[in-house]
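Please look through the model below. The text after it goes from one ring contact to the cores, then the helices, then the loops.

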Amino acid sequence: MLSSVEITRGFTAPERDHVAALYWEAFGRKLRPAFRDADTGRAEVAASLRPGNVLVARRDGRVVGVCGFRSGGAGAVSGGGTRARLGLLGALRAALVLAPLRRGDVPGVLVLDGLCVDAGHRSAGIGSALLTAADALARDLGLRAVQLTVVDTNPRAEALYRRRGYTEVGHGDLGPLAGVYGFDRYRTLRRPVDAPSPARRPA
Ligand SMILES: CC(C)(COP(=O)(O)OP(=O)(O)OC[C@H]1O[C@@H](n2cnc3c(N)ncnc32)[C@H](O)[C@@H]1OP(=O)(O)O)[C@@H](O)C(=O)NCCC(=O)NCCS
């Protein structure tokens, strides 16, 4: 039941690998080209996750959803130390390949950086609860809106955001790089935090 879901900012040290595994399961397809192999990528995500840049949903004490966001000029997966772990060439490759995917800060706006829910817990309202928590966080931080990016290969996620009142404020495409990341076009969607709360889905 959704009532047993708790959302907090940050995760504990023992939860780090599990949070990283969720993140990699959802976004590994587009992150994978940045690394020598999938194991390296997964380990790098685990090492680079910044607890202060992540909202975590737990059900029965277990992490079942994650919503990264940009804060303090950094994204959810940008902990530093990449060069020490991957070496100069590995770090260079990661920086170059990830550059087209990076989103910058937007003044006055909470920029989300990776929303994902454990595949076994989807369609139960956890993603929506994380988005509601992101609205609350933005309000607490004195920001006026929440923003995210959705790729053209994810129409169900986009439908979820639009139902919640997100509207398009920009778009782009990766052109010849589309094959590398597995998607071409993406949209930037934004929702003012003082917009009316979305109607609950009928049970
Ligand atoms: C998108 C995602 C975070 C939604 O989380 P969720 O907990 O299932 O969300 P909710 O239960 O609050 O809402 C579910 C709605 O989200 C949409 N949705 C998007 N992708 C979905 C998926 N893979 N499975 C189920 N629902 C999905 C549907 O419209 C669904 O509505 P429905 O249940 O009436 O069909 C989750 O599906 C997920 O982690 N997907 C993989 C990673 C991803 O695509 N992240 C978004 C990047 S922009």
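**A walk through the predicted model**

The charged end of Arg103 lies over the ring of Tyr186, 4.6 Å from the ring's centre. A charge is taken to sit over a ring if NZ of Lys or CZ of Arg is within 6 Å of the ring centre and within 35 degrees of the ring normal. This is a predicted model, in which local features need pLDDT of at least 70 and side-chain atom pairs count only at pLDDT 80 or more, while totals for chains, interfaces and linings use all residues. Residues are numbered from 1 along each chain as its sequence is written, and side-chain values use heavy atoms, with hydrogens and water left out.

Aromatic rings also meet each other. A pair of aromatic rings is described by the distance of the centres and the angle of the planes. Rings of Phe, Tyr and Trp (its six-membered ring) pair if their centres lie within 6.5 Å; planes under 30 degrees apart count as stacked, over 60 as edge-to-face and the rest as tilted. By this rule there are three aromatic pairs.

Next come the nonpolar cores. A nonpolar core is a set of buried Ala, Val, Leu, Ile, Met, Phe, Trp, Tyr and Cys residues joined through side-chain atoms within 4.5 Å. Buried means under 20% relative accessible area, exposed means over 50%, and partly exposed is in between (1.4 Å probe, protein chains only). The largest core has 28 residues, and Leu31 and Val66 have the most contacts inside it. Two or more residues each come from α1 (16-31), α2 (38-48), β2 (54-59), β3 (62-69) and α3 (82-98); helices (H or I, at least four residues) and strands (E, at least two) are DSSP runs, numbered from the N terminus. The element that gives the most to this core is α1, with seven residues. Contact means heavy atoms within 4.5 Å. Leaving aside residues up to four places away in sequence, Leu31 touches Trp24, Val45, Leu98 and Leu101. A second, separate core has 25 residues, among them Val5, Leu112, Leu115 and Leu148.

How far apart are the end C-alpha atoms of α1? They are only 18 Å apart, although the helix has 16 residues and a straight one would reach 22 Å at 1.5 Å a residue. The expected span is 1.5 Å times one less than the number of residues. At Glu25, α1 bends by about 55 degrees; the bend at a residue is the angle between axes fitted to the seven residues ending there and the seven starting there. Val19, Ala20, Leu22, Tyr23, Trp24, Phe27, Gly28 and Leu31 are the buried residues of α1. Their cover includes α2, β3, α3 and β4 (109-117).

In α3, 17 residues end with C-alpha atoms only 13 Å apart, short of the 24 Å of a straight helix at 1.5 Å a residue. The bend in α3 is about 105 degrees, at Leu88. Ala91, Ala94, Val97 and Leu98 are its buried residues, and what covers them includes α1 and α6 (178-181).

The helix α4 (126-140) agrees with its expected span, because 15 residues at 1.5 Å a residue should span 21 Å and the end C-alpha atoms are 21 Å apart. Buried residues in α4 include Ile126, Leu130, Asp135 and Leu137. Just after α4, Gly142 takes a positive phi of about 75 degrees.

Most residues other than glycine have a negative phi, and most peptide bonds are trans. Asp60, not a glycine, has a positive phi of about 50 degrees. Asp60 lies in the loop between β2 and β3 and counts as exposed because its relative accessibility is 70%. Ser123, also not a glycine, has a positive phi of about 60 degrees. Ser123 is in the loop between β4 and α4 and, at 60% relative accessibility, counts as exposed.

Is Asp118 buried or exposed? Asp118 counts as buried because its relative accessibility is 19%. Asp118 is in the loop between β4 and α4 and touches Leu22 and Val64, not counting residues up to four places away in sequence. From Asp118 to Gly104 is 14 residues in sequence and 26 Å in space, C-alpha to C-alpha.

Ser71 is in the loop between β3 and α3 and counts as partly exposed, at 23% relative accessibility. Ser71 and Leu110 are 39 residues apart in sequence and 7.9 Å apart in space, C-alpha to C-alpha. Ser71 touches Arg9 and Asn53, again not counting residues up to four places away in sequence.
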